[in-house]
Amino acid sequence: MAGHAVTSLLTALCLFSSATAFPYSKRQTLSIDDIQKQALANAYKVLDGTLADGMTHPSTCNKNTVSVRKEYGDLTKEEKLEYIRAVNCIRKQPSKLPAGKYPGAKTRYDDFIVVHMNMTPTVHSTANFLHWHRYYIWAYETALQTECGFKGTQPYWNWGKYTDLPASPIFDGSETSLGGNGDYVQHAGGLMGRPFAAGNGGGCVTKGPLGNLTISLGPVMGTMDPALKIKANPSPDGFGDNTRCLRRDVNNNLVTTSLKPEYLAAHITGNAAIGKFQDTLQNDQAGKMAIHSSGHFSIWGDPGGDVYVSPGEPVFWLHHGQLDRHWWMWTNYLSDQVKSRTSMYEGGTNWMNPASAKGKPADKQWLNVLAPAGQDGIPSNQLFSTTAGPFCYVYV
Ligand SMILES: [Cu+2]
């Protein structure tokens, strides 16, 4: 009897002191890891036909064939080296753009930058922002696979995972990183009217397997300290040849604020409509930098901090991979919402023109020379699911 009473008391104490150890479903707030787990479980249900999301899923995309995108730090050493090899390869392949039209486009990698520069006003703060970037990242992953024999999938950077970003597996400068931080140069912080502390970089990236990278396109909308005197492009549109080093100022200003796991989870659970979800993703919120910008400005530098030319930063693809995952989690984590969220579409068609036409789900999206054969001009409503239309992948 006494023993039972003691056990009950201990149980009661435990309930108060560590409620999270118990299935306290009503009070429990979902963590970002819970959201990821639920989203993946539902994505697999969609694939095996036990949960309808309103899309047609090709029979060629199933549990056995679906590809899996992983977090960079979760890749094995061999997987990291294979990704780095493929990135270095695409940076050496010839451009497929019309010769002479874009003098700064020297390689196949540059093609990805040019297309982004051309499309910037119509794919940011617009209805197709998430859709077009999903399609764009997939085209990059596909180019790595088909043009450089890449055997893996596009990795992502889980924003909240590294509280010391320069020391993370992505930026630590080791042979398995995507290059180190920029070398330290004295430079001012401050970012487009926001207070922003300068990090310990600011100079050229010289360490790591992607060290001594150069960039030729841009800048168009640079955000680094003008005192660094980053060379202006000979052409006002940024397409001229302006070969210079790639700079970074990888910093910890945002990884423990607007990119921390609790904040990301609250963003997903707190915004039920796509318009609100997109806007709060892209616009600063109550003194916190927007989540999308926070990823870019945690890397910063040139061209990483330039909205037009940012894909010239090799970690752009990991950041936007995570952005795509964030949307994928939001779409899929609630089984009774999967169908409605999969088709939600809202917003305008031109960032620079608030009076631009409303985007329609049937609007075609374009990748020009980046699209694999027969895969250009896909309507947004075929880009809603990562296992329909041209896609067949999930995130783990
Ligand atoms: Cu973009």
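Guide: A charge counts as sitting over a ring if NZ of Lys or CZ of Arg is within 6 Å of the ring centre and within 35 degrees of the ring normal. This is a predicted model, so local features need pLDDT of at least 70 and side-chain atom pairs pLDDT 80 or more, while totals for chains, interfaces and linings use all residues. Residues are numbered from 1 along each chain as its sequence is written, and side-chain values use heavy atoms, with hydrogens and water left out.

Visitor: What makes Lys 80 a charge over the ring of Tyr 72?

Guide: The charged end of Lys 80 is 5.9 Å from the centre of that ring, and the cut-off is 6 Å. Arg 91 does likewise over the face of Tyr 109, at 3.9 Å from the ring centre.

Visitor: Why is Tyr 109 called buried?

Guide: Buried means under 20% relative accessible area, exposed over 50%, and partly exposed in between (1.4 Å probe, protein chains only). Tyr 109 comes out at 0%, so buried is the word. Tyr 140 is at 0% too, so that one is buried as well.

Visitor: And why is the pair of Phe 112 and Tyr 140 called edge-to-face?

Guide: Rings of Phe, Tyr and Trp (its six-membered ring) pair if their centres lie within 6.5 Å; planes under 30 degrees apart are stacked, over 60 edge-to-face, the rest tilted. Here the centres are 5.4 Å apart and the planes at 85°, so edge-to-face fits. The partners sit 28 residues apart, Phe 112 in helix α4 and Tyr 140 in helix α5 (helices are DSSP runs of H or I, at least four residues, numbered from the N terminus).

Notes:
Helix = DSSP H or I, 4+ residues; strand = E, 2+ residues; numbered from the N terminus.
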